[in-house]
Amino acid sequence: WIPRWLIARVNRRQSVAEHLYFTSCYGLKIAEEISWPDLGPHSIHDRHEALHRLAIYLLRHDEDETLTGDIPGPIKRLSGYDAKKLEPLLVERFGAPARFSPDMKKIKRVADLVDECMYLAGEINSGNRSVLLLLDNSRKLLALAVDELPAGPADKKRLLDLVVDAVTRELDCYKDLGGLAGK
């Protein structure tokens with residue numbers, strides 16, 4: 001029930017729970033696309049365990065928002081917001097925090113931005129042109145985040161093409177974009 005996008009005018013309010021679900025779906029697909037984790041000769045069991053840990057992390061990455069709501073990023077940064085201070089309350093509510101590696105954090109960043117782009121594209125598709133600049137900024141951040149993934153250049157390019165194609169398909173449903181879909 002906790003809403004996201006509090007400072008943006010939107011037609012359909014996304015919940016934190018919906019965001020966590022889609023971020024986990026996108027994150028697992030990203031892991032598949034870049035063949036993460038690259039365990040070499042290790043067992044398939046180790047791969048499944050790593051993917052399970054990734055899924056749990058993705059589903060829990062914004063659990064602090066169950067206590068605070070979705071505080072906009074610029075406000076968090078300017079106010080010195082520190083989610084670590086909420087950790088005792090979160091541990092009481094959800095148990096130990098989800099463990100994650102630096103690679104998992106990079107995958108989460110990309111998945112988070114994919115969800116953001118798809119959500120904003122859906123808003124534009126429903127006629128909400130007020131989020132055009134937000135989508136443009138999110139797409140730029142997404143390209144930078146993909147570049148940080150633990151993958152080779154060919155896998156990164158293929159993944160970015162896949163994501164751009166998905167967002168473009170969502171935007172193409174609304175033909176009156178003045179060329180934004182082709183960017």
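# Close-up views of a predicted model

**Figure 1. Ser35 sits in the loop that links α1 and α2.** Helices are DSSP runs of H or I with at least four residues, strands are runs of E with at least two, and both are numbered from the N terminus. The model is predicted, and residues are numbered from 1 along each chain as its sequence is written. Local features need pLDDT of at least 70 and side-chain atom pairs count only at pLDDT 80 or more, while totals for chains, interfaces and linings use all residues; side-chain values use heavy atoms, with hydrogens and water left out. Ser35 is not a glycine, yet its phi is positive, at about 55°. Ser35 is partly exposed, and its relative accessible area is 45%. Here buried means under 20% relative accessible area, exposed means over 50%, and partly exposed is in between (1.4 Å probe, protein chains only). The loop that holds Pro37 runs between α1 (16-33) and α2 (44-60). The peptide bond joining Trp36 and Pro37 is cis, with omega about -5°. Most peptide bonds are trans, and most residues other than glycine have a negative phi.

**Figure 2. Trp5 lies in the segment that comes before α1.** Trp5 is a residue other than glycine with a positive phi, near 60°. Trp5 is buried, at 13% relative accessible area. One of the residues that Leu134 touches is Trp5; this partner is shown again in the next view.

**Figure 3. Leu134 belongs to helix α7, which covers residues 132-147.** With residues up to four places away in sequence not counted, Leu134 touches Trp5, Ala8 and Leu120. Contact means heavy atoms within 4.5 Å. The relative accessibility of Leu134 is 35%, and Leu134 therefore counts as partly exposed. Leu134 and Phe22 are 112 residues apart along the chain, and 19 Å separates their C-alpha atoms.

**Figure 4. Thr66 has its place in helix α3, residues 65-68.** Neighbours within four places in sequence are left aside here, and Thr66 is then in contact with Ile2, Leu90, Arg93 and Phe94. Thr66 is partly exposed, with 28% relative accessible area. Between the C-alpha atoms of Thr66 and Glu32 there are 29 Å, and along the chain these two are 34 residues apart.

**Figure 5. Leu78 is part of helix α4, residues 73-79.** Leu78 is exposed, and its relative accessible area is 76%. From Leu78 to Ala17, C-alpha to C-alpha, the distance is 25 Å, with their positions 61 residues apart in sequence.

**Figure 6. Cys25 and Cys117 are seen in a structure where a search finds 0 disulfides.** Cys25 takes part in no disulfide, and the nearest cysteine sulfur, that of Cys117, is 17 Å away. A disulfide is counted when a pair of cysteine sulfur atoms lies within 2.5 Å. In chemical terms, a disulfide is a covalent bond between the sulfur atoms of two cysteines. Cys25 is partly exposed, with a relative accessible area of 33%, whereas Cys117 is buried, with a value of 0%.

**Figure 7. The protein chain, shown whole to place the close-ups, has 8 helices and 0 strands.** The pattern along the sequence is α-α-α-α-α-α-α-α. The C-alpha trace spans about 50 × 40 × 25 Å along its principal axes. The chain has a radius of gyration of 17 Å, which agrees with a value near 16 Å for a compact globule of 183 residues. That radius is taken over C-alpha atoms, and the globule rule is 2.2 Å times the number of residues to the power 0.38. Among the 183 residues, 38% count as buried. Of the contacts with a separation of 6 or more, 70% are between residues 24 or more positions apart. The chain exposes about 10500 Å², and 59% of this area is supplied by carbon and sulfur atoms. Accessible areas come from the Shrake-Rupley method with a 1.4 Å probe; for residues, only the protein chains shown count as cover. There are 27 positive and 28 negative side chains, and the centres of the two sets lie 3 Å apart. Lys and Arg count as positive and Asp and Glu as negative, while His and the chain ends are not counted. The place of a charge is taken as NZ of Lys, CZ of Arg, CG of Asp or CD of Glu.
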